[in-house]
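Subject: Structure for you to look at

Hello,

Here is the structure I promised to pass on. Please open it and keep it in view while you read my notes below.

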Amino acid sequence: PGGYPHDLPKPPTKTLHDVRTRVNFLVYGTYPLLKGWLGDQLARYVDLESLAEYGSVMSLEADAGKLPRGYGFDEPIETILQILNGPPPRAVVLVGESGSGKTALVHEIVHRLRDDPDRPGHVLRMTPQDFLVNTRYIGEWETRVRNIVGAVKPPRRIVIYIPSIEELAWMGTWAKSDANVATAMAPFIERGDLVILGESTVEGFRKGLGANRSLRRLFHSIE
């Protein structure tokens with residue numbers, strides 16, 4: 001008993017928001033169970049259309065049969081999933097040269113998360129440049145980073161996949177400031193609000209995220 005009927009589609013986020021607003025203004029009764037359920041659903045709900053405003057939702061590509069599966073990666077995938085599902089920081093960088101199979105491994109992780117019967121997950125692909133889209137100043141891209149965090153943070157199960165992740169260490173910098181997208185994301189990674197899966201070459205990681213000790217300690221590098 002309880003919960004939402006499994007044979008019915010979940011209502012859109014806006015509908016849930018509207019229902020919660022109306023319930024909060026009801027004169028008679030407090031309806032704690034309904035309010036609790038609505039709050040939990042809104043916290044876990046993943047609006048894939050809104051998510052696509054930040055990058056490419058790889059889970060939808062898998063649904064459409066456009067994402068090939070990767071084979072022969074069971075051991076590293078198990079290690080990666082343990083990190084992504086474990087305590088924070090939940091951030092992994094796949095380190096290797098081009099053609100070493102990093103992207104194929106990522107594709108298989110997308111399928112594994114999507115097919116999880118207990119707690120399906122989604123993967124959002126964002127290039128380092130996507131973090132700066134439609135921004136010109138530090139305050140604007142920092143706001144965009146915070147908005148991204150708000151869209152993906154737990155209890156939603158969303159992994160942000162970032163190819164060439166080392167470039168985050170240079171995104172957003174300018175002559176009068178050392179601030180960059182990587183340092184802006186760091187506290188959210190440390191708290192567990194962001195779950196990250198990145199790719200980098202050995203040299204790129206060494207010169208990028210790996211060159212900053214406070215950033216390097218947040219990432220589990222897997223070669």
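A salt bridge is a side-chain nitrogen of Lys or Arg within 4 Å of a carboxyl oxygen of Asp or Glu. Keep in mind that this is a predicted model.

**Salt bridges**

How many salt bridges does the structure hold? There are twelve. Three of them are described here.

Start with E108 and R69. Their side chains meet in a salt bridge, with N to O at 2.8 Å. The pair links distant parts of the chain, 39 residues apart. E108 sits in helix α6, residues 102–114. R69 sits in the loop between α4 (58–63) and α5 (74–85). Is E108 buried or exposed? E108 has a relative accessible area of 3%. Buried means under 20%, so E108 is buried. R69 is at 36% relative accessibility and counts as partly exposed.

Next, look at D74 and R112. They form a salt bridge too, and the closest N and O atoms are 2.7 Å apart. D74 lies in helix α5 and R112 lies in helix α6, so this pair ties together parts that are 38 residues apart in sequence. D74 is exposed, with a relative accessible area of 52%. R112 is partly exposed, at 30%.

The third pair is E190 and R217. The closest N and O atoms in this salt bridge are 3.1 Å apart. Again the pair links distant parts of the chain, here 27 residues apart. E190 is in helix α8, residues 181–191. R217 is in the loop between α10 (213–216) and β6 (220–222). E190 counts as partly exposed, at 39% relative accessibility. R217 counts as exposed, at 54%.

Which residues are joined into one network by salt bridges that share partners? They are D63, R69, D74, E108, R112, R114 and D115.

**The sheet**

Now turn to the strands. Six of them make an open sheet with mixed pairing. The order is β1-β3-β4-β5-β2-β6. Which strands are at the edges? They are β1 (56–57) and β6, and each pairs on one side only.

Find β5 in that order. It covers residues 196–200. Strand β4, residues 158–162, runs parallel to β5, and three bridges join the two. In this pairing, Y161 stands opposite L197. I162 stands opposite G198. β2 runs parallel to β5 as well, with five bridges between them. Here A91 stands opposite I196.

Why is β5 described as largely enclosed by the rest of the structure? Five of its five residues are buried, so the description fits. I196, G198 and S200 point one way from the strand. L197 and E199 point the other way. Residues on both sides are buried.

One helix lies across several strands. α5 crosses over β2 (91–95), β4, β5 and β6. It runs at about 150° to β2.

**Two packed helices**

Two packed helices are described by the angle between their axes and the distance between the axes. Take helix α7, residues 138–152, and α8. They pack at an angle of about 35°. Their axes are 10 Å apart. α7 passes α8 in a right-handed crossing.

Which residues make the contact? From α7 they are W141, V145, R146 and V149. From α8 they are V181, A184, M185 and F188. By class, the contact has seven nonpolar residues, no polar ones and one charged one.

**One residue to follow: V202**

Last, select V202. It is found in helix α9, residues 202–207. V202 is partly exposed, with a relative accessible area of 42%. Which residues does V202 touch, not counting residues up to four places away in sequence? It touches V95, G96 and E97. Compare its position with E166, 36 residues apart from it along the chain. The C-alpha atoms of V202 and E166 are separated by 10.0 Å.

Best wishes

Definitions and conventions. Residues are numbered from 1 along each chain as its sequence is written. This is a predicted model: local features need pLDDT of at least 70, side-chain atom pairs count only at pLDDT 80 or more; totals for chains, interfaces and linings use all residues. Side-chain values use heavy atoms; hydrogens and water are left out. Helices (H or I, at least four residues) and strands (E, at least two) are DSSP runs, numbered from the N terminus. Buried means under 20% relative accessible area, exposed over 50%, partly exposed in between (1.4 Å probe, protein chains only). Two strands pair if DSSP finds at least two bridges between them. Contact means heavy atoms within 4.5 Å. Axes are lines fitted to C-alpha atoms, for helices over the stretch in contact, and angles run from 0 to 180 degrees between N-to-C directions. A crossing is left-handed if the near helix is turned anticlockwise from the far one by less than a right angle, and right-handed if clockwise. Ala, Val, Leu, Ile, Met, Phe, Trp, Tyr, Cys and Pro count as nonpolar, Asp, Glu, Lys and Arg as charged, and the others, Gly among them, as polar.
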